[in-house]
Amino acid sequence: MYDFMEYCLKRFYQTSGWNEENQYSNLCSWSRALLDFYTPKGLSLVVSKLPTPYFKPSYTLTVLPTLNGSLGYLYTSRELDIGTSATVDFQDLIDRFRIIMDEPHKKKHINHQANPDYLLYGRMFFPGARMEAMYVRRISEHLQYLVTAVNTPKAYSAPQIAMQLQYDVGKWCSECSYTSDDGLLGLRALYNFGQPTSTGQWSVGTELYYGTLDKSGGMSMGLRYRTLKASNAPPISFTYTLNPIVGHMSTSYVAKVSEELALCSRYDFSMYSYESDLAFGFEYRTKKPSIETESENGVITLTADRTEKLEGLIKARWGFVKGLALMWEGRFKKTLFSLGLTADLKSTSPIRTIGLEIQYFS
């Protein structure tokens with residue numbers, strides 16, 4: 001389940017008309033959602049308030065295994081319709097298999113130059129007083145930049161700052177980045193073949209990076225095929241990524257076999273050490289049962305709109321390297337919860353972590 005601040009960022013992208021799925025960094029987003037999901041550790045409580053459509057504070061408290069927490073604030077230039085934890089669309093709040101494509105014919109025209117959109121976010125963690133901040137600003141319809149910073153007082157070093165400049169025209173998207181801690185310069189690009197109305201779409205991308213401090217560089221490249229939302233074909237995705245410098249390659253396959261079930265497999269291989277890993281995963285969506293209503297004439301009907309609301313998600317992953325991971329995400333009355341577990345079945349003490357996270361915002 002997304003952190004509340006992360007969910008607000010994604011809602012900001014949707015409201016301002018930015019398609020983050022068109023970036024090279026999200027080339028394997030479908031397989032990552034099914035195989036690299038985060039499981040909570042210990043017992044955590046997240047409470048957020050919605051005092052205005054522009055300003056939103058959030059408080060996090062973790063009581064197990066250690067006591068720590070955070071205090072964060074977020075401000076946007078554009079109204080964000082977040083809803084409450086009891087009414088928010090559960091499908092938008094969880095990291096899951098989803099088909100998100102930019103549909104230009106449904107996209108509203110927004111004059112970003114006359115009314116620039118921006119998001120400002122800051123959070124302090126305790127104990128330790130570590131701080132993180134983010135600033136996102138749309139320059140035009142196709143251009144935006146993002147600045148993030150992390151400062152750890154006890155590290156006795158300068159804050160770590162990362163900057164990204166992103167340019168997206170739909171057919172292709174490019175990204176320029178720089179990080180201050182290691183002086184890393186990066187350039188990413190993704191190009192889509194075919195038309196948005198076709199059955200499927202091929203995408204090819206690459207990444208080049210160079211470290212100005214250690215005078216070393218590298219690159220990676222990737223290929224993706226997936227069916228589109230506008231087609232009637234079953235949703236599938238195939239990806240292949242290669243990093244020739246470190247000799248790592250990965251291939252994944254994702255398929256939605258029914259309205260409730262999605263499956264995924266991924267194979268990683270190192271050409272230099274011959275080490276490999278094979279992982280499988282699935283997610284199963286549970287829906288709220290239909291509600292029977294009886295009219296004055298005695299006719300019983302089912303409220304179909306209630307059956308379409310996703311109210312729960314079960315995830316499972318197993319791999320030779322990372323072992324087993326299970327997670328159940330859902331809504332109970334006015335609260336949202338994530339219950340997770342990781343285990344190593346080859347160990348005499350198989351349970352690695354177990355945790356419960358509860359979110360409430362209103």
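Which residue has its backbone oxygen 2.8 Å from a polar atom of the side chain of Thr76? In this model, which is predicted rather than determined by experiment, the residue is Arg78, whose backbone oxygen lies at that distance of 2.8 Å from the side chain of Thr76. Thr76 itself belongs to strand β3, which covers residues 68-76, and Thr76 is buried, with a relative accessible area of 0%. If we set aside the neighbours within four places in sequence, Thr76 is in contact with Phe12, Pro53, Tyr54, Tyr118 and Leu119. Several of these names will return as we move through the structure.

Let us begin with Leu119, which is one of the residues with the most contacts inside the largest nonpolar core, together with Tyr13, Ile82, Leu93, Val136, Leu336 and Phe361. This core has 25 residues, and the elements that give two or more residues to it are helix α1 (4-16), helix α3 (90-93), strand β4 (118-126) and strand β5 (130-138). The largest share comes from α1, which supplies seven residues. To see how one member of the core is surrounded, the reader may look at Leu336, which touches, among others, Met1, Ser85, Val88, Phe90, Leu93 and Phe361, when residues up to four places away in sequence are not counted. Apart from this core lies another one, of nine residues, among them Trp30, Leu35, Phe97 and Cys264.

Aromatic rings offer a second way to follow the structure, and a search of the whole of it finds 13 aromatic pairs. One of them is formed by Phe4 and Phe361, whose ring centres are 5.0 Å apart and whose planes meet at 50 degrees, an arrangement described as tilted. Because Phe4 lies in helix α1 and Phe361 in strand β21 (residues 351-361), this pair ties together parts that are 357 residues apart in sequence. Both Phe4 and Phe361 are buried. Phe12 and Tyr13 form a pair too, with ring centres 6.3 Å apart and planes at 50 degrees, so this pair is also tilted, and both Phe12 and Tyr13 are buried. Elsewhere, ring pairs link Tyr75, Tyr118, Tyr135 and Tyr145 into a cluster.

Rings can also have a charged group placed over them. The charged end of Arg130 sits over the ring of Phe125, 4.3 Å from the centre of that ring, while the charged end of Arg317 sits over the ring of Phe37, at 5.5 Å from its centre.

Two tyrosines of the cluster now lead us into a run of paired strands. Strand β5 is joined by eight bridges to strand β6 (residues 143-151), and these two strands run antiparallel, forming a hairpin with four residues between them. Within this pairing, the bridge partner of Tyr135 is Val147 in β6. Strand β6 in turn pairs with strand β7 in the antiparallel sense, again over eight bridges, and here Tyr145 stands opposite Leu165 in β7. When looking along these strands, it helps to remember that in a regular strand the side chains alternate between the two faces of the sheet.

The chain of pairings continues from there. Strand β7 (residues 160-168) and strand β8 (residues 172-179) pair in the antiparallel sense over seven bridges, with Met163 standing opposite Tyr178 in β8. The hairpin that these two strands make has three residues between them, and in this hairpin Gly170 takes a positive phi near 95 degrees. Strand β8 is then joined by eight bridges to strand β9 (residues 184-192), and this pair runs antiparallel as well. Thr179 stands opposite Leu184 in β9, and the hairpin of β8 and β9 has four residues between the strands, with Gly183 taking a positive phi near 60 degrees.

Finally, which residue's side chain is joined to that of Ser252 by a polar contact of 2.4 Å? The partner is Thr239. Ser252 lies in strand β13 (residues 248-256), and Ser252 is buried, with a relative accessible area of 4%. Not counting residues up to four places away in sequence, Ser252 touches Ser31, Ser237, Phe238, Thr239, Ser265 and Arg266. Thr76 and Ser252 can thus be read side by side, since Thr76 is buried with a relative accessible area of 0% and Ser252 is buried with one of 4%.

Terms used: Residues are numbered from 1 along each chain as its sequence is written. This is a predicted model: local features need pLDDT of at least 70, side-chain atom pairs count only at pLDDT 80 or more; totals for chains, interfaces and linings use all residues. Side-chain values use heavy atoms; hydrogens and water are left out. Two strands pair if DSSP finds at least two bridges between them. A nonpolar core is a set of buried Ala, Val, Leu, Ile, Met, Phe, Trp, Tyr and Cys residues joined through side-chain atoms within 4.5 Å. Buried means under 20% relative accessible area, exposed over 50%, partly exposed in between (1.4 Å probe, protein chains only). Contact means heavy atoms within 4.5 Å. Rings of Phe, Tyr and Trp (its six-membered ring) pair if their centres lie within 6.5 Å; planes under 30 degrees apart count as stacked, over 60 as edge-to-face and the rest as tilted. A charge sits over a ring if NZ of Lys or CZ of Arg is within 6 Å of the ring centre and within 35 degrees of the ring normal. A polar contact is a pair of N or O atoms within 3.5 Å; within protein, one must be able to donate a hydrogen and the other to accept it, and residues adjacent in sequence count only if both atoms are side-chain atoms.
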